[in-house]
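Reader: I would like a close look at the salt bridges in this model. Please take me through them pair by pair.

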Amino acid sequence: MRKRTKAWALLAAICTASLLGGCTYESGTKAFATTNFDTKPEQTTTAQTESAAEWLKTALEKGKTEKDAQAFWYKGHVLNRILSRTTTSMFDGAVLTDKGYNVGTRIAAQPYTYYRIGDKRYIRSNDYWVTAPDEPLEFNVLKGFEDWLPFMDRAVQLPDEKAIGVVSVPFQIKMTGAEWLAKSQSPLFEPLKKLVGDRPDLEYILKESTIKATFWFGKEDRLLHQYETWIILPLPEAGTMDQQVKFNLYKYGDTGGINIKEPEEVEKYLLY
């Protein structure tokens, strides 16, 4: 049980950082070997005309500056599996960059709504409103994608496919947890980096773990339309545990139906 707990804590640390979601290539294609967590048969790659890093940088820049990218909708899920047990958390909401965003979620069958309005954050559960705590980190569907940039030089380009009806260019990365930890610039990993040096058991789990991330960029608009991370950790002498995160971003520029409440509308109902 202690080994499972260690693995679960490690998975949580890795996944927290991965949720937060100019390198150049030599010509030619690269391919990944299939693993037991590939969702499709072995995927063929396609010749790359531009680096994955440039696609990600462009999407992030357009997300900050392009008018039509300042409003969008999203939906997704987080799927956790440990041995034969599976739990799923669902998320959906909308973003108005200059105002805030809302998150509708169902975790362990319990519905919640999260609002960020300016610099204020609130949670609603069972029709009760409370002020959201500063910790853990607030949910942000676009936060942390810069942390993937150091790894984009190893991404392979997959054949074009549609994501929520938009023809997209997918890029996929695979690595071990040890490789992610060694190269990641995310401050979330600093405590884990200090811990692993004195813990050979955690070092083993990291080396034997697998991380796969896939990003779908709109072929025409160059915005991020879908992303997926899939992380598998070994449970010594017990099997594996894994987490899959998949989100779609869509209806860019469509503000119709987005309802970000004003702070005073929420605060009159606050319990604390």
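Author: Here is a walk through some of the salt bridges and the residues that form them. The model is predicted, so local features need pLDDT of at least 70 and side-chain atom pairs count only at pLDDT 80 or more, while totals for chains, interfaces and linings use all residues. Residues are numbered from 1 along each chain as its sequence is written, and side-chain values use heavy atoms, with hydrogens and water left out.

A salt bridge here is a side-chain nitrogen of Lys or Arg within 4 Å of a carboxyl oxygen of Asp or Glu. That rule gives 10 salt bridges. Among them is Arg 222 with Glu 50, whose closest N and O atoms are 3.1 Å apart. Arg 222 sits in the loop between strand S10 (210-218) and strand S11 (224-235), and Glu 50 in the loop between helix H1 (2-19) and helix H2 (52-65), so this pair ties together parts 172 residues apart in sequence. Helices (H or I, at least four residues) and strands (E, at least two) are DSSP runs, numbered from the N terminus.

Arg 222 is buried, at 19% relative accessible area. Glu 50 is partly exposed, at 28%. Buried means under 20% relative accessible area, exposed over 50%, and partly exposed in between (1.4 Å probe, protein chains only).

Next comes Asp 160 with Lys 219, at 2.5 Å between the closest N and O atoms. Asp 160 lies in the loop between strand S7 (156-157) and strand S8 (161-163), and Lys 219 in the loop between S10 and S11, so the pair links parts 59 residues apart in sequence. Asp 160 is partly exposed, at 34%. Lys 219 is partly exposed, at 41%.

Lys 251 and Asp 254 also form a salt bridge, 3.9 Å from N to O. Lys 251 is partly exposed, at 37%. Asp 254 is partly exposed, at 31%.
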